[in-house]
Amino acid sequence: MKLEMVDLRNQYKKVKTEIDQAILSVIENANFINGEQVSIFSNNLSTYLDNSNVIPCANGTDALQIAMMALNLNPGDEVIVPAFTYVATAEVLGLLQLRPVLVDVDPKTFNISTDSIKQALSSKTKAIVPVHLFGQCADMEEILNFAKENHLYVIEDTAQAIGAIYKFQDGRTRKAGTLGDIGCTSFFPSKNLGCYGDGGSLYTHNSQLATIIRMICNHGQVKKYVHKYIGVNSRLDTIQAAILNIKLKYLDEYNNARLLAADEYDKLLSGVHGIEIPFRSINTTHVFHQYTIKVKNNKRDNLKSFLEKQGVPAMIYYPIPLNKQEAYNNICRIPSNLSITEELCNEVLSLPMHSELTQDQIEFITNQIKSFFN
Ligand SMILES: *Cc1c(COP(=O)(O)O)cnc(C)c1O
């Protein structure tokens, strides 16, 4: 049985005709930069998210950097980020001479812990970056309330949670990335909405911020050859936008296929001693960017190599927390211990998860896991 963490080839086969046509049409029109597919995509995504301003850019890391640039922060200002995340979340802060304040995460959801955020507040704190890790939203209602009380910006890193829906206590719902001041996402091929190369986007309800973000993406330009800000050159290629216009139509279908696969994994793994299946929060849907189990009793690395020998790929997201990365040694503030993050780095294991997983594949994978523990 041939297994992959993410099966993009079989996903492509199902929409090949549409995708091939869309790519060809961009090439035939030679509209490679800022072609009409880019604005069509930004409108389509805006409708999907119910968010008025969608600004595409070159990748998810750029989206985070541009968001930070748009807020007009000063060197030394502090931004609270989870220690258990992909490096990009903190990297852009370092580049802008902002100070990442690393806080711990919740042991069940893997998302930034609201208590740790509260403990980390200082007079220099300007923003919080909740990362909706592995596909479900962080505890946004509490985070937004705390941010409001303390005049902090909230920048959502929603690279792993596009399409997830957050539910407030009063029943209102909003899509991930549209809850805070700015949402940032990535269309890296393996993300839930992936293009065929690099891509990213920012979202905001605030039209003033949107105007600034648009300018920053385009060299800080107000109009041609007039530069109000120091910006960057960060664009979504027309070919990628054309691909995304097609894949966006199927995003809910893809996310639903992931959810069904996760349900099946849960069912087959729930009795297995020595592992914990993913926890699902009640105030958010889960789009299962990753299906991540915890492996107890220091058995994670052995299970991973056992699975690999059986032809089952498995990945560790993330093996080393930000506080143990050399590049971040001197620039971060760490107000309290990061014991949950460090424990998770030793316990997490992500299993194959994508829109094309079959029942047979899931049975094979879970049977291998069971045989390891027997
Ligand atoms: C993928 C990812 C990014 C970066 O996206 P790129 O498009 O690869 O730059 C940022 N944050 C998180 C949490 C991610 O998973």
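This is a short dialogue about the ligand site, pockets, cavities and unusual backbone spots of a predicted model.

Student: I am new to this structure. Where does the ligand sit?

Tutor: Welcome! Keep in mind that the model is predicted. The ligand is found in the largest pocket. That pocket holds about 670 Å³ of space.

Student: Which residues lie nearest the centre of the largest pocket?

Tutor: The lining counts 34 residues, and Tyr-86, Gln-160, Phe-188, Lys-191 and Tyr-318 are those nearest the centre. Helix 3 (60-70), helix 4 (88-95) and strand 8 (182-186) each contribute at least two residues to this lining. By class, the lining has 18 nonpolar, 13 polar and three charged residues.

Student: And which residues surround the ligand?

Tutor: A residue belongs to this shell if one of its heavy atoms lies within 4 Å of the ligand. Here the shell is made of Asn-59, Gly-60, Thr-61, Tyr-86, Ala-88, Val-131, Asp-157, Ala-159, Gln-160, Ser-186, Phe-188 and Lys-191. Sorted by class, these are five nonpolar, five polar and two charged residues.

Student: How should I read the polar contacts of the ligand?

Tutor: Look for pairs of N or O atoms within 3.5 Å. In this model, an oxygen atom of the ligand lies 2.5 Å from an N or O atom in the Thr-61 side chain. Gly-60 takes part through its backbone, where a polar atom is 2.8 Å from a ligand oxygen. Ser-186 brings a polar side-chain atom to 2.7 Å from an oxygen of the ligand.

Student: How much of the ligand's accessible area does the protein cover?

Tutor: On its own the ligand has 380 Å² of accessible area, and the protein covers 91% of that.

Student: What is the volume of the second largest pocket, and what lines it?

Tutor: Its volume is about 380 Å³. It is lined by 16 residues, with Asn-34, Ile-55, Pro-56, Arg-214 and Cys-217 the closest to the centre. Helix 2 (36-49), strand 1 (53-57) and helix 7 (207-217) each give two or more residues to this lining. The classes come out as seven nonpolar, seven polar and two charged.

Student: How do cavities differ from pockets?

Tutor: A pocket is open, whereas a cavity is a space where a probe fits but cannot get out. This structure has two cavities of 30 Å³ or more. The largest has a volume of about 60 Å³, and its lining includes Lys-108, Phe-110, Phe-134, Pro-278 and His-286. That lining splits into five nonpolar, five polar and one charged residue.

Student: How much space lies in the second largest cavity?

Tutor: About 50 Å³. Among the residues lining the second largest cavity are Val-6, Asp-7, Lys-191, Arg-258 and His-354. In this lining, three residues are nonpolar, five polar and four charged. You have met Lys-191 already, as part of the shell around the ligand.

Student: What should I look for in the backbone?

Tutor: Start with the usual pattern: most residues other than glycine have a negative phi, and most peptide bonds are trans. Now turn to the exceptions here. His-151 is not a glycine, yet its phi is positive, about 50°. You can find His-151 in the loop between helix 6 (140-149) and strand 5 (153-157).

Student: Which peptide bond is cis?

Tutor: The one from Tyr-317 to Tyr-318, with omega near 10°. Tyr-318 belongs to the loop between helix 10 (300-309) and helix 11 (339-347). Tyr-318 is also among the residues that lie nearest the centre of the largest pocket, where the ligand sits.

Conventions:
Residues numbered from 1 in each chain as written. Predicted model: local features only at pLDDT ≥ 70, side-chain atom pairs only at ≥ 80, totals over all residues. Heavy atoms only, no water. Polar contact = N/O pair within 3.5 Å; in protein donor to acceptor, adjacent residues only side chain to side chain. Areas by Shrake-Rupley, 256 points an atom, 1.4 Å probe, with all protein chains shown as cover. 1 Å grid on protein atoms, 1.4 Å probe; cavity = no way out; pocket = protein on both sides within 12 Å on 5 of 7 lines; lining within 4 Å. Sits in = over half its atoms within 2 Å of the grid points. Nonpolar A, V, L, I, M, F, W, Y, C, P; charged D, E, K, R; others polar. Points joined across faces, edges and corners; volume = space filled by probe spheres on them. Helix = DSSP H or I, 4+ residues; strand = E, 2+ residues; numbered from the N terminus.
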